[in-house]
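Work through the exercises below with the structure open beside you. Try each task before reading its solution.

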Amino acid sequence: MRLSIERKPIRVNPDPRRVIARFFFNGNDRAKEVLQRVMAITEEEAFGIVSPLLQEYSKRHRNITRVLNRHCSKLKPLFEELGIDFDSLTVYRKLLIGSYFTHEYSIESAAFFNPSIVADPDQTEMEDGQRRVIISFRAVGEGHISSITFRRALIDKYNNISVLPAGNYIDEAEIVRNAVYNKKLFFDKAVITQINIDVLHELEGKLDHHFEYSNLRRIILDSQRLQESDMKKLEYDKVLWLADSYYEIVFSLDTDISDRVIFPISEYERKGIEDARFVQFVNEDGTSVYYATYTAYDGALIMPKLLQTNDFYNFKIMPLYGAGAQNKNLALFPRKVNGKYVMISRIDGCNNYIMYSDKINIWEKPVLLQQPKFTWEFVQIGNCGSPIETKEGWLMITHGVGPMRRYVLGASLLQLDDPTIEIGRLKEPLLVPNSDEREGYVPNVLYSCGAIVHNNKLIVPYGVSDSSTAFAEVDLDELLNKLKADGVD
């Protein structure tokens, strides 16, 4: 018998009106042609074109003039090649040039799914039994490019969920590149990404044990100038793309959390930032920090990455290393166990593994934890977010893939002091697609990237056929009792 589970009467749907203004570039030759055409018109014509543009798009973007100026500035090397003095351009001509190299991108136009949920750092003015939460989503737009977006929600004492309306503007963050790289770790990761080994050996020999981004970039540019082969130059670019995978992003303090989007930045994530699993991690001194594991995808290679924040304004991002960080589905435990970080992974695409580490970004020696057991998970089993600590053990929501590639949710219970030991696993799914949830961008798929316990109820946000997000609730004690009763036989 399956557990009774309550679906909440709320659905979060994508909104194609939510757009960001992105840099639009079709290559140096075409860009130069556009620049020459814009430079050929008079100042009066330039003002006449850009003035109504500013009036129209200022209603759609928080600071469109800042965006257009930034995009125009990206073209400075081309201005130099054309013999044009950038600094002598008038304000309106710069804005007009920037507009020709800007396009709107609807971040949620294709899909909106795979949520995770954590307590908001700000719990002020909450009454007993209430909680303010932050929900992250995987948003997909044109070209199937994924990004991370957020909504704030309130859960009341009756576990009713109210998702607050999204803001009118969306902001990308300012990017800060100030990482110091460990040479061994950096080049170990470079080998995995299949960059030319001769190029790696050359650069490795020119760098100190710890190096900064600016040093690496200078050495790469010097090496590229000596190369005639475009293919060899590309291999040097790939090393720089890997370095670009380490960065910090900073959002303006005047943005609502629904205005903030984490869009692919580095070349190694240009096709998407997928399935972020956020968790509130409690340090040994009682302080907490938020982490999220996610998958960066460049169209061919997968790179697991880690995101860290205290306030959801400032984020640090870095790749994850090691034999246990080689595929999708990494989920961090919300605290150390026996003095070590703990992570669930699915390195072979089929089974759940568990691993321990002294360092949060290095994961070696994965140990097999779970294999598909029941018919509804014969294709694969994986986690649906970070395990949740309960009095009976670590509660881990799982997903299973069965006939007709149907994704369903399950649950497992791991021993508190030794989570390598599985205490119980539901014999029947916790949640399966009903008739209203089967149709969508990817049919017959329910998927979650994190749940939360509130008022002794487990609340699970879940993606509905990759098209929208719904919520379900189950009594925690009933679930734990069922898991212990089902056991692992």
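The exercises cover aromatic pairs, salt bridges and pockets.

This is a predicted model, in which local features need pLDDT of at least 70, side-chain atom pairs count only at pLDDT 80 or more, and totals for chains, interfaces and linings use all residues. Residues are numbered from 1 along each chain as its sequence is written, and side-chain values use heavy atoms, with hydrogens and water left out.

**Exercise 1. Aromatic rings**

Classify the ring pair Phe23 and Phe25, then the pair Phe312 and Phe315.

Solution.
- Start with the rule. Rings of Phe, Tyr and Trp (its six-membered ring) pair if their centres lie within 6.5 Å; planes under 30 degrees apart are stacked, over 60 edge-to-face, and the rest tilted.
- The count by this rule is 19 aromatic pairs.
- Take Phe23 and Phe25. Their ring centres are 5.8 Å apart and their planes stand at 15 degrees, so the pair is stacked.
- Now Phe312 and Phe315. Here the centres are 6.1 Å apart and the planes at 85 degrees, so this pair is edge-to-face.
- Check accessibility (buried is under 20% relative accessible area, exposed over 50%, partly exposed in between, with a 1.4 Å probe and protein chains only). Phe23 is partly exposed at 27%, and Phe25 is partly exposed at 34%. Phe312 and Phe315 are buried.
- Look around the second pair. Phe312 and Phe315 belong to one aromatic cluster with Phe150, Phe251, Phe278 and Tyr290.

**Exercise 2. Salt bridges**

Which parts of the chain does the salt bridge between Asp275 and Arg138 tie together?

Solution.
- Side chains of opposite charge can pair when their charged atoms come close. The cut-off is a side-chain nitrogen of Lys or Arg within 4 Å of a carboxyl oxygen of Asp or Glu.
- The whole structure holds 31 salt bridges.
- For Asp275 and Arg138, the closest N and O atoms are 3.3 Å apart.
- Place both residues on the elements (DSSP runs numbered from the N terminus: helices are H or I, at least four residues, and strands are E, at least two). Asp275 lies in strand β13 (residues 272-282) and Arg138 in strand β5 (residues 131-141), so the bridge ties together parts 137 residues apart in sequence.
- Asp275 is buried at 12% relative accessible area, and Arg138 is buried at 9%.
- For contrast, try Arg225 and Asp222. Their closest N and O atoms are 2.7 Å apart. Both lie in helix α8 (residues 213-225), three residues apart, or about one helical turn. Arg225 is exposed at 62%, while Asp222 is partly exposed at 37%.

**Exercise 3. Pockets**

How many residues line the second largest pocket, and which are closest to its centre?

Solution.
- Set the terms. On a 1 Å grid over the protein atoms alone, a pocket is an open set of points where a 1.4 Å probe fits, with protein on both sides within 12 Å along at least five of seven lines; lining residues have an atom within 4 Å of a point. Volume is the space filled by probe spheres set on the points, which are joined across faces, edges and corners.
- The second largest pocket holds about 450 Å³.
- It has 25 lining residues, and the closest to its centre are Arg138, Asp275, Lys328, Arg405 and Tyr407.
- Link this to Exercise 2: Asp275 forms a salt bridge with Arg138.
- Strands β4 (111-119), β13 and β14 (288-297) each give at least two residues to this lining.
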